[in-house]
Amino acid sequence: MQALLPVGKRVVWITSADVAGALPANKAHTLLGQECDVLVFDAHSGFNVNAFAAVSGTLCGGGMLYLLTPPLDEWATFADPDYRRFIPHPYQPADVQGRFLQRFVRMLRDGCRSDFSPTVGLKPDLQSVAVTTIVQAVVPLVLTADRGRGKSAALGLAASQLRASGKRVLLTAPSRATVATVFKHAELPPHFFAPDELLQTLPEGEVLLVDEAAAIPIPLLLKMLAHYPRCVFSTTLHGYEGSGRGFALRFQKALDARASAWQAVRLHQPMRWAEHDPLEHFINQSLLLNADLAPFTPCGGRVGDGGNGTKDRQLDRDELAENEPLLRQLFGLLITAHYQTRPSDLRQMLDAPDISIHVLEQHGVIVAVALLSREGGLDEELTAAIHAGTRRPHGHPVPQTLTFHAQIPRAAELVCERVMRIAVDPTVQNQGLGAQLLQHLLGFAAQQQADYVGVSYALTPELQRFWERAGFVLARVGHRQDTASGSRSVVQVKALSAAAQQLFKGL
């Protein structure tokens, strides 16, 4: 393979094999902000779809992507090493049915050329309207773009101009690694603060730049805006780490109420390839990076009596993997509702053992979705080892945290249905649809003879009230605050069986 690669070009290998200069998939994020002419992605080492989506954006127009796979007819049955990231004990990679890969191979065969060549386009001048607008903005500014459009580079260039004019510029983001591209393009770099540090110390600054704002909870962004009126909120709308679309819907509504004169700038032109590039299109489609909410017109009627036209049901994952419009509807809603949804979530949703998918539909459109994961049911010896802190088998997060952290000795022996995600279309929120779907989940869990239903989330008063209204009780509050949200994680449970009622008595 190496002998076939072009000479004099920058070649990047993503593999765990012994190749000079190669990076394993879990280090692929270190390439963000860089460029390459040839990308070789070795799926035999594990098809890490997050890494694949991220590094594909480093290819220049006219470059080449080589995807090394098992024979396509056999790939879906290949025991992919990457499965170990999401399959729970005691499952093995051979136990995964490979729905995601069946779909991916089908899309490869249906519409993609084998050379994956990005088309060449003219690079936009970053010293353009976006940079000028950032520098001149005196009201809150929202800068959005799909991945690869140069928004972080624009922030870096604008920061340099602002600092050259004597302004003190602050920068925040979910992590410092997130803003590597900002610093790369800033000759006069801004002062970086993590979100929690920024709000605790409130350093002096005249302009605040917020990169990847969609990954920071909106209440924190509004606190930043209250102290730093001259803010630039930048985020990716469609990308490998999700959910800018949901951010746009929710945050812009909040801005309308607090700073109605805010400005919006959208970057369209890709930096490294031409618009409408076939490689970008294939990756967006196959990994659902560009999935959006389905168009929906709410109708009247009272929730819970059938008058609102909703129907709850469990989806068959084999059928879902074959039904592209339905899959896009479902994943688009998850992306909109959750601040960070990645391609790996799509793969886990389709392939992880013991996951079930449940929806509320109204006139054929999904208006609410929930994912359940069946956990626990571990033997007495393993549960005792978890309780003692000597074993930590992969998966089973709620039963394990109850057994070890909350010191509830038999919690991992009992069977738990964990609510992984629950999301409602923003256009019909606060109408009881989430509660309606949750009642369906409780009924399903009881039918499946689960002992209890559990959920873990970042604590907010609104969420706590939602779960308490459904009869969930608080089982554990985390000791540490999340650095981005400033919230503590909590676990709540609802007992279904007599054994669980006895175990959780007194919570």
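In this predicted model, strand β2, helix α1 and strand β3 together form a right-handed β-α-β unit. To find the parts along the chain, look for β2 at residues 36–42, α1 at residues 49–56 and β3 at residues 59–68.

Which strands pair with β2? One partner is β1 (residues 11–14), and another is β3. The table sets the two pairings side by side.

| Strand pair | Sense | Bridges | Residues standing opposite |
|---|---|---|---|
| β1 and β2 | parallel | 4 bridges | Val12 and Leu39 |
| β2 and β3 | parallel | 6 bridges | Asp42 and Leu68 |

Is β2 mostly covered or mostly open? Strand β2 is mostly covered, with 6 of its 7 residues buried.

Now let us move along the chain to Leu360, which sits in strand β11 (residues 355–362). Why does Leu360 count as buried? Its relative accessible area is 0%, so Leu360 falls under the 20% cut-off for a buried residue. Setting aside neighbours within four places in sequence, you can look for its contacts in several parts of the chain: Thr310, Lys311 and Asp312, then Val365, Ile366, Val367 and Ala368, and finally Leu433, Gln436 and Leu437. Leu437 is a nice one to find in the structure: 77 residues separate Leu360 from Leu437 in sequence, yet their C-alpha atoms are 6.5 Å apart in space.

Next come the empty spaces inside the protein. Rolling a probe the size of a water molecule over the atoms reveals where empty space remains. How many cavities of 30 Å³ or more does a search of the whole structure find? The search finds 3. The largest cavity holds about 50 Å³ of space. Its lining is made by Ser56, Arg147, Trp273, Asp277, Leu279, Glu280 and Ile283. Sorted by kind, the lining has 3 nonpolar residues, 1 polar residue and 3 charged residues. Which element gives the most to this lining? Helix α10 (residues 278–286) does, with 3 residues.

Finally, step back and take in the whole protein. There are 18 helices and 16 strands to trace. Of the 507 residues, 53% are buried. Among contacts with a separation of 6 or more, 72% are between residues 24 or more positions apart. The pair Leu360 and Leu437, 77 residues apart in sequence and in contact with each other, gives you one example to look at.

Key:
Residues are numbered from 1 along each chain as its sequence is written. This is a predicted model: local features need pLDDT of at least 70, side-chain atom pairs count only at pLDDT 80 or more; totals for chains, interfaces and linings use all residues. Side-chain values use heavy atoms; hydrogens and water are left out. On a 1 Å grid over the protein atoms alone, a cavity is a set of points where a 1.4 Å probe fits but cannot get out, and a pocket is an open set with protein on both sides within 12 Å along at least five of seven lines; lining residues have an atom within 4 Å of a point. Grid points are joined across faces, edges and corners, and a volume is the space filled by probe spheres set on the points. Helices (H or I, at least four residues) and strands (E, at least two) are DSSP runs, numbered from the N terminus. Ala, Val, Leu, Ile, Met, Phe, Trp, Tyr, Cys and Pro count as nonpolar, Asp, Glu, Lys and Arg as charged, and the others, Gly among them, as polar. Buried means under 20% relative accessible area, exposed over 50%, partly exposed in between (1.4 Å probe, protein chains only). Contact means heavy atoms within 4.5 Å. Two strands pair if DSSP finds at least two bridges between them. A crossover is right-handed if, with the strands pointing away from the viewer, the path from the first strand over the helix to the second runs clockwise.
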